[in-house]
Amino acid sequence: MCTLAEAPIVTPSTPSLATRTGMAILLADTLAGAAGALVAALGEAGLPGCRVAWEGPDGALHAHPASVPGDLPSLRGDAAAAPGHARLLCDAPGAAAWLLPAPGASLPEPTPAQQQLLELGARRFRDLFAFKHLSGSVQALAQAEKLQRALFAIADLAGSDRDMTTMLRGLHEIIGQLMYAENLFIALYEPGNDSLRFLYFADTVDKEEPQPGEEMPLSALDRGLTWYLVNDCKPLMGSMEAMRRQVSGPLVLHGAEAHDWLGVPMVRDGRAAGVLVVQSYVEGIEYTESDRAVLAFVAEHVLTAVERKQGQARLEQHVAERTRQLAEANAELQQQMARGERARHLQATLYRIAALTHDEQTSEDFYRHVHEAVAELLNAENFYIALVAEGGERLDFPYHVDAVNPSVGSRSFGRGVTEYVIRQGQPVLLDRAAMDALAARGEIEFGSPQQGYGQPSLYWLGVPLRGAGGVIGAVAMQSYRSDVSYDEGDASLLTFVSNQIANSLQRREHAEALRRLNVELEQRVQERTRELREQIAVREQVEARLQHEVMHDPLTGLPNRLYLRDRLERALASQRRNPGQQFALMYLDVDRFKVFNDSLGHLAGDEVLREVARRLQACVREPDVVARLSGDEFAVLLEHSPLPQTACKVAARIQKALQAPMQVGGRELQASASIGIALGNAHHANTDAVLHDADVALYRAKAAGRQRFVLFDESLHRNAMDVLDLEHQLRAALANGEFEPHFQPIVGLADGAVAGYEALVRWRHPARGLLGPGEFLPVAEECGLLEAIDWQLYRADFRDAAPLLGKDGYLTINVSPRHFLDETFDQRLLALAAGAGFNPRQLRVEVTEGTLLGEPEAVARTLGRLREAGVDAALDDFGTGYSSLSHIHRFPLRMIKIDRSFVAPLGGEVADRSTAIVSAILALANSLALEVVAEGVENEAQRQALLAMGCTQAQGYLFGRPQPAAHWAGRG
């Protein structure tokens, strides 16, 4: 296929066909127009029936005058490159154009005139492709500008005085400018009652739309798209079929089915606070990833706008409610004071008091003016206001005028008459006799002046100050003169005054809250605007910071694995250029680091790692590299290590440095390290090979007893490959079901009757025959296959053992420590037994003392649940652990199995020590009502010795070796 896009245009010296028709090609302003002009011109030039196909920036194929023929599945492929099949006109970035022959024909070699027309067409296609590319860039910039204008418009709506409905309608219009949003709804999630409150709903198809503000239980939308938006808290987009693949469970359709659906959660503090959804019922209108990103970005601002508007609405509603209460109180007082001149004076005074609540004045001036107004109607020579403070612990007196007792400012909340009216929550009118009666009943006390109490009065009137949350204080008057008393009318008037004071306090509090809210919202808008403007600068700073963070460990400040790999690459490249340039890589693992973490906590563990890092750095020199790989694993790259002895000396220096005591968490610790060393050589094709060799050497060092270093050699490589081969064979054995159970009988020592069986694993290897557990279980445990092998074996145990047990027999299975890390182990085991028809009361699980030490709380919980289901537990290898007696007491056990190491000496000449231990175990088990099984009984002398000591059950080669179930099926 030849290319015409770069061929020079030859200008003929005399007018030609290209000169007459080329203008039409060059003036075409669309790709289809250029294709049509070229096809027409070629027809006139003696090449009729041709077609032009092109692939635009969108990746779609187009053709003129017909569709792209089916015999050209890929115009860019080799099949289309055969001569005469297609001719490449133009190949631009992301786009191309071809000349195709008439159906069934082939393209001949063009004449000079035809060649000139093809060159004109190629030039015009290249220009139009470039124009489309520039148009796309301009469109993207316009979209970004449109999004920014939309965000500013949302912020303006949130800060405007429009009501919620008008604001939401405006939000709908704004979103509609960014994407197709004819069908849109906004709902807030109420976690308290697990419901959705629909703020806005617009849909051209679904007529059962909820009303604004209507709450709907989330369960009514169970497993629907909106339900998944709230619960999964992630966007959903696409057709209904595509949505079924995106959600985390089954999908149930609620409402009309949309052609395409896009919904995003409105997230607050990592949880869904609401949803924003648009949908299309029109074929051809579908949403894109760009729409999803825009809608998710806009949703955050919509949620902020809605929350701000709701906050304003709540404040306005509360102010309106308080205003209504004030109007009702005023109307009540006006009805009671409708007589004569005193009523007119009273009304004027009360209005003046009400007006004081709206004056912009200090609290002291407000209280003083209220006192002056009350004094015009009542004898208020002694007047004070008290407010509850510090969560009810103290009583403050912001205003206090008294002819006898001076102001105390504040006092502890006690049992004075002021506290009494606050506790009662209603007006209290007292004379001296009533006060004495209350004191006699213990309702009030007369304290001393040092405690903040004054001289008792003859008459006292107090009314509570009521706020939104209850009584917040009291207003009181008192008289020390017998000719000045108070009545119910005075109490009603003072009640009105208390309402004014409380309303003023609430109004001032609400005004301050509204001011803080406005300041906060304005600050958030400014911060968001500043963030948008500073994104480019911030991105550059972040990239520079990330460049450092990506290459270094945040805890120790050492280079990380990525940095180490880069330096290893350089060392390998340097060695390839200069074979004499040797290097060494050391892998380090801090011994017993888990003990430090578990004993002293992770903070102390982090300090240990930092101290190790400092000591490692002190043991090397430039340009050697110390890196932290992960957890307690470190690496040291010695870039100039010509001899193995050099690396060994550095390793010894590191071990010596780490053994020096360190002070961590108030304790003196002594650390050590296991080190694997790999020397760079020609067989290392890449960094992974070097890292692998060092890791293998480290593994061997740890297996050899830790606190040592091992130099990698070919024998280690072969051993590692053997382990890999065995791991691969284990995975194949799992897939092929090659693991099978063998059963060893547990018998009564007296009569040899079978009481039960222990299930043991064997591997029927296709090449090596029957393998015992010691030949493969360590590798299975290391590579994480042990649990899968266990579950496959348990299923076979239940299937094969059921016919052997009869009605009274039992089966014991071995459970590894890993299973107890899964809290659902007991449920899975019981379900597996039930599926196989196996009676759980005939099942016993065997655990070792090491298992009990690993996660004692988890093991105790699991064994307890198994016992409740009828499954008992047996302690295997009893006596070989660390705290056997505590295990018997702490865990729900039914059986203990004496370890074979105590049974083997019995019946011999030096069995005294074993006899004493076994006798003690039998006595302990008898006192705790535990069954005992002796393991490893291999001769008659051992059997007789156990019988003499009172042991009733045993297992071992004397009674039978482990065999398949078919071997034992004929023995009753």
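Two strands are taken to pair if DSSP finds at least two bridges between them. In this predicted model, strand 5 (residues 183–190) and strand 10 are joined by six bridges and run antiparallel. One of the contacts along this pairing links N183 to Q279, its bridge partner in strand 10.

Strand 10 also has a partner in strand 9 (residues 260–268), again in an antiparallel arrangement, here with nine bridges. Within this pairing, D260 stands opposite S280 of strand 10. Strand 9 and strand 10 together form a hairpin, with two residues between them. In the turn, D269 has a positive phi of about 55°. With strand 5 and strand 9 both paired to it, how much of strand 10 is buried? Nine of the ten residues in strand 10 (residues 271–280) are buried, so the strand is largely enclosed by the rest of the structure. Buried here means a relative accessible area under 20%.

Turning to the helices, L26 is found in helix 1, which covers residues 17–26. With a relative accessible area of 31%, L26 is partly exposed, because that value falls between the 20% limit for buried and the 50% limit for exposed residues. On the surface, L26 joins M23 and L27 in a nonpolar patch, and the three together have about 300 Å² of accessible area.

A573, in helix 14 (residues 561–577), also counts as partly exposed, at 24% relative accessibility. A573 and N686 are 113 residues apart in sequence, yet their C-alpha atoms are 9.4 Å apart in space.

Methods
Residues numbered from 1 in each chain as written. Predicted model: local features only at pLDDT ≥ 70, side-chain atom pairs only at ≥ 80, totals over all residues. Heavy atoms only, no water. Patch = residues over 30% accessible without salt bridge, like charges linked within 9 Å, V, L, I, M, F, W, Y side chains within 5 Å. Areas by Shrake-Rupley, 256 points an atom, 1.4 Å probe, with all protein chains shown as cover. Salt bridge = Lys/Arg side-chain N within 4 Å of Asp/Glu carboxyl O. Helix = DSSP H or I, 4+ residues; strand = E, 2+ residues; numbered from the N terminus. Buried < 20%, exposed > 50% of the residue type's maximum accessible area, 1.4 Å probe, protein only.
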